[in-house]
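Dear colleague,

I am passing on the structure below, together with some notes on what turned up when I went through it. Please read the notes with the coordinates open beside you.

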Amino acid sequence: MATTIKYADVEVGTELPAQTFPVTRATLVQYAGASGDFNPIHWNEKFAVEVGLPDVIAHGMFTMAEAIRVVTDWVGDPAAVVEYGVRFTKPVVVPNDDKGAEIEVSAKVAAKLDDSRVRVDLVATSAGQKVLGMSRAVVQLV
């Protein structure tokens, strides 16, 4: 798999297609099994509330992984992401109902770099609050 996005065709300010990702308690249990992170704040409401959280929260790394999907879907090749970092600013609270939560992600090209690379800045929110700060990826284009 290789990217087909050409560096020459991308400008600073180019917006990537925004996406919304649903998160349910079942999603969190599946992620816990895959990641080995069975911290009860991610599946046990009673425990989460006892430690001061409003409810069960999504894993930070899960939130981070969902957000970068906007970039990997745009570029067409996950290996084209050569750097990625975020700051966790707010948790994604996942209620125990039929809806769960949503993570809304938008992104745009913030800078053109050397060697056909671009920096993409992402904005990830849930319930109207920014959940990732300084979310940036460097992407290798052709």
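**What was found**

The UniProt record, an unreviewed entry, carries the annotation "domain: MaoC-like" for residues 13-121. Please bear in mind that this is a predicted model. Within it, the span 13-121 is 30% helix and 31% strand, and its end C-alpha atoms lie 10 Å apart.

As for aromatic contacts, the structure holds one aromatic pair. The two rings belong to Tyr31 and Phe62, which meet edge-to-face, with 5.4 Å from centre to centre and 65 degrees between the planes. This pair links distant parts of the chain, since Tyr31 belongs to helix α1 and Phe62 to helix α3, 31 residues apart. Phe62 is buried, because its relative accessible area of 7% is under the 20% cut-off, whereas Tyr31, with a relative accessibility of 21%, counts as partly exposed.

A further ring contact involves Tyr7, over whose ring the charged end of Lys112 sits, 4.2 Å from the ring centre.

On the surface, Val29, Phe38 and Trp43 make a nonpolar patch of about 330 Å². Of these residues, Phe38 lies in the loop between α1 (25-35) and α2 (45-50), and is exposed, with a relative accessible area of 52%.

Finally, Gly76 is found in the loop between α3 (60-75) and β2 (81-88), where it is partly exposed at a relative accessible area of 33%. Gly76 and Ile5 are 71 residues apart in sequence, yet their C-alpha atoms are 8.2 Å apart in space.

With best wishes

Methods: Residues numbered from 1 in each chain as written. Predicted model: local features only at pLDDT ≥ 70, side-chain atom pairs only at ≥ 80, totals over all residues. Heavy atoms only, no water. Patch = residues over 30% accessible without salt bridge, like charges linked within 9 Å, V, L, I, M, F, W, Y side chains within 5 Å. Areas by Shrake-Rupley, 256 points an atom, 1.4 Å probe, with all protein chains shown as cover. Salt bridge = Lys/Arg side-chain N within 4 Å of Asp/Glu carboxyl O. Helix = DSSP H or I, 4+ residues; strand = E, 2+ residues; numbered from the N terminus. Buried < 20%, exposed > 50% of the residue type's maximum accessible area, 1.4 Å probe, protein only. UniProt positions renumbered as here; feature names shortened; annotations may be inferred. Phe/Tyr/Trp six-rings, centres within 6.5 Å; stacked < 30°, edge-to-face > 60°. Lys NZ or Arg CZ within 6 Å of the ring centre and 35° of its normal.
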